[in-house]
Every structure is written in C-alpha cells, then in structure tokens.
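Here are a few notes to read alongside the model. Have the 3D view open and turn it as you go.

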Amino acid sequence: MPVPRADEYHSFEREIDKWRMRRKDTNDRKSYDEVFDQQNLMIIYKLLSDGVFDKLDFPISTGKEGNVYRASTKDGQLVAVKIYRTATSTFRDMAKYVHGDPRFGGLTNNKRKLIYAWANKEYLNLKAFARVGVRVPKAIAQTKNVVVMEYIGDENEPARELRNVKLEDPEPVARKILDYLRLAYKKARLVHSDISEFNILMPSEEPVIIDVGQAVLLDHPTAQEWLERDVGNVVRYFKKLGVVLDIKKELEVIRKQ
C-alpha cells in the first residue's frame with residue numbers, strides 16, 4: 001500500500017477523530033476506537049485516495065465482527081463501507097465457514113489473515129450471487145478487511161431488515177427468498193449458510209440478501225446441513241406471518257437436478 005503524504009493523512013486522521021468525538025455514548029466511542037485503528041485508517045485513506053468514495057457519512061450498523069458505514073462518492077453516489085475488526089473475538093466462528101472452502105485452501109489460524117480471507121470471501125460471494133440473479137448489494141471494492149458495496153436505502157435512511165417491515169403480502173416475498181436460495185444453489189453452487197430475517201433488507205417488496213461472507217460452496221463438508229438450516233429459518237419466520245411452507249418440499253425443489 002503506498003505511503004500517503006503526511007500532511008494529507010494527518011488532516012484525514014483529525015477529521016475521523018472529530019467524527020469519533022461527536023459520539024456521546026461510551027460504547028459508541030469504544031466501537032469506533034476498535035474499528036478506526038491505525039491500519040484501518042490507512043486502508044480507508046487509500047480507498048479515499050483511489051476515488052472509491054469521498055467521505056464517510058454515518059454508521060449504518062454496529063456488530064460483533066465489524067461496523068458498516070454509509071459513504072458518498074464525489075459524484076454524489078451512496079455506497080456502504082463494511083470494516084471488519086481485526087481484533088474481533090468471533091474469529092473462531094468465521095473459521096468454520098472459511099476452512100473447507102477450496103477457494104481458501106492452506107489458510108492458517110492466523111486471526112488477521114483469516115479476517116482478510118473473510119472479507120475477500122464476502123466480496124467474491126457478492127459477485128457470484130449477483131451473476132446468477134440473486135439480489136445482493138453490488139460489490140465495488142475490497143482491500144484487506146474492508147469491503148465497499150452498493151448502499152441499500154435512500155437519502156434519509158438505510159433499508160430496513162425484513163424483521164422490521166410489515167408486509168402487505170408476505171407469501172411472494174417468501175417465494176422470492178426461496179427462489180434466491182435455489183438460484184444460488186443451482187447456478188452459483190453456493191449456500192448462504194445464515195439466512196434469516198436479520199440479513200434480508202427490504203427497500204421495497206423486493207428482498208435484498210446481505211451478509212454473505214459465510215456463504216460456502218456446495219463441496220464444503222457442512223453445506224447441506226446449512227442449506228437445511230437456511231430453508232428452516234425462512235419457513236419458520238413466514239409461518240408466523242401466516243404463510244404455510246413445507247421444509248422438505250422446499251429442499252427438494254432447491255436440490256432437484
């Protein structure tokens with residue numbers, strides 16, 4: 001990574017620090033400190049310098065593994081910037097989704113390298129899902145533990161998760177999600193492995209699948225078990241909304257040759 005000019009970089013660092021200090025909540029500040037360490041600042045500065053985006057606007061979500069921010073480009077386009085914490089305590093959970101994936105053979109248990117692989121895996125999976133017609137955020141760029149993708153939402157707020165949306169007609173949404181699982185399985189040879197009402201966004205009546213870092217290829221040893229869990233999660237959630245689905249039948253449709 002090229003070394004930035006000292007004056008430009010320090011100016012950028014001061015802006016990030018001002019942004020952090022505006023957070024009144026102690027937990028918010030701690031989260032910012034974990035995400036905006038020196039290495040991540042260098043990565044973000046490089047993405048800014050390359051014109052991937054022009055400024056960070058505000059946080060969209062804060063999670064155990066990392067934070068997501070809305071950002072703006074120079075021409076006014078909105079993007080999402082996902083920054084994984086390299087000091088995350090959940091990297092062992094990540095390992096079971098990365099080890100066994102032939103795209104990442106020979107990877108050690110080095111925490112930092114594992115998280116870099118996870119971010120790269122999310123970027124590759126976004127592209128793979130999109131190629132076969134699964135609606136996911138468009139992948140834009142990835143550097144080490146930072147992934148830049150399409151922002152899902154409008155000028156006022158990010159799109160809400162499925163669990164926070166009242167559906168007028170839930171059955172077509174359930175069918176669309178199951179169809180996405182089928183397309184991913186048959187055409188991309190991928191299983192999402194963690195689908196739920198928490199990682200489906202609803203900008204309209206068209207669901208958008210997010211958090212695809214854990215998606216695995218079909219030759220992963222646990223792919224079929226995780227597919228069954230995914231379908232079970234969809235059936236369980238929509239049953240509460242009055243939609244009757246049969247897990248066994250839905251799995252048969254997805255797996256049918």
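1. Start with Ser193, which has 0% relative accessibility, so it counts as buried, the cut-off being under 20%. Keep in mind that this is a predicted model. To find Ser193, look in the loop between β6 (190-191) and β7 (200-201).

2. Now check the backbone there. Most residues other than glycine have a negative phi. Ser193 isn't a glycine, yet its phi is positive, near 80°.

3. Where else should you look for a positive phi in a residue that is not a glycine? Try Asp211, with a phi of about 55°. Asp211 sits in the loop between β8 (208-209) and β9 (216-217). Is Asp211 buried or partly exposed? Its relative accessible area is 31%, and because partly exposed covers the range between 20% and 50%, Asp211 falls in that class.

4. Asp211 turns up again in the largest pocket: along with Lys82, Phe198, Asn199 and Ile210, it is one of the lining residues that lie nearest the pocket's centre. The whole lining has 39 residues, and the pocket holds about 1100 Å³ of space.

5. Which elements give two or more residues to that lining? They are the strands β1 (55-62), β2 (66-72), β3 (78-84) and β5 (146-150), plus the helices α4 (91-98) and α5 (111-131). The top contributor is α4, with 4 residues.

6. Last, try colouring the pocket lining by residue class. You should get 17 nonpolar, 10 polar and 12 charged residues.

Key:
Residues are numbered from 1 along each chain as its sequence is written. This is a predicted model: local features need pLDDT of at least 70, side-chain atom pairs count only at pLDDT 80 or more; totals for chains, interfaces and linings use all residues. Side-chain values use heavy atoms; hydrogens and water are left out. On a 1 Å grid over the protein atoms alone, a cavity is a set of points where a 1.4 Å probe fits but cannot get out, and a pocket is an open set with protein on both sides within 12 Å along at least five of seven lines; lining residues have an atom within 4 Å of a point. Grid points are joined across faces, edges and corners, and a volume is the space filled by probe spheres set on the points. Ala, Val, Leu, Ile, Met, Phe, Trp, Tyr, Cys and Pro count as nonpolar, Asp, Glu, Lys and Arg as charged, and the others, Gly among them, as polar. Buried means under 20% relative accessible area, exposed over 50%, partly exposed in between (1.4 Å probe, protein chains only).
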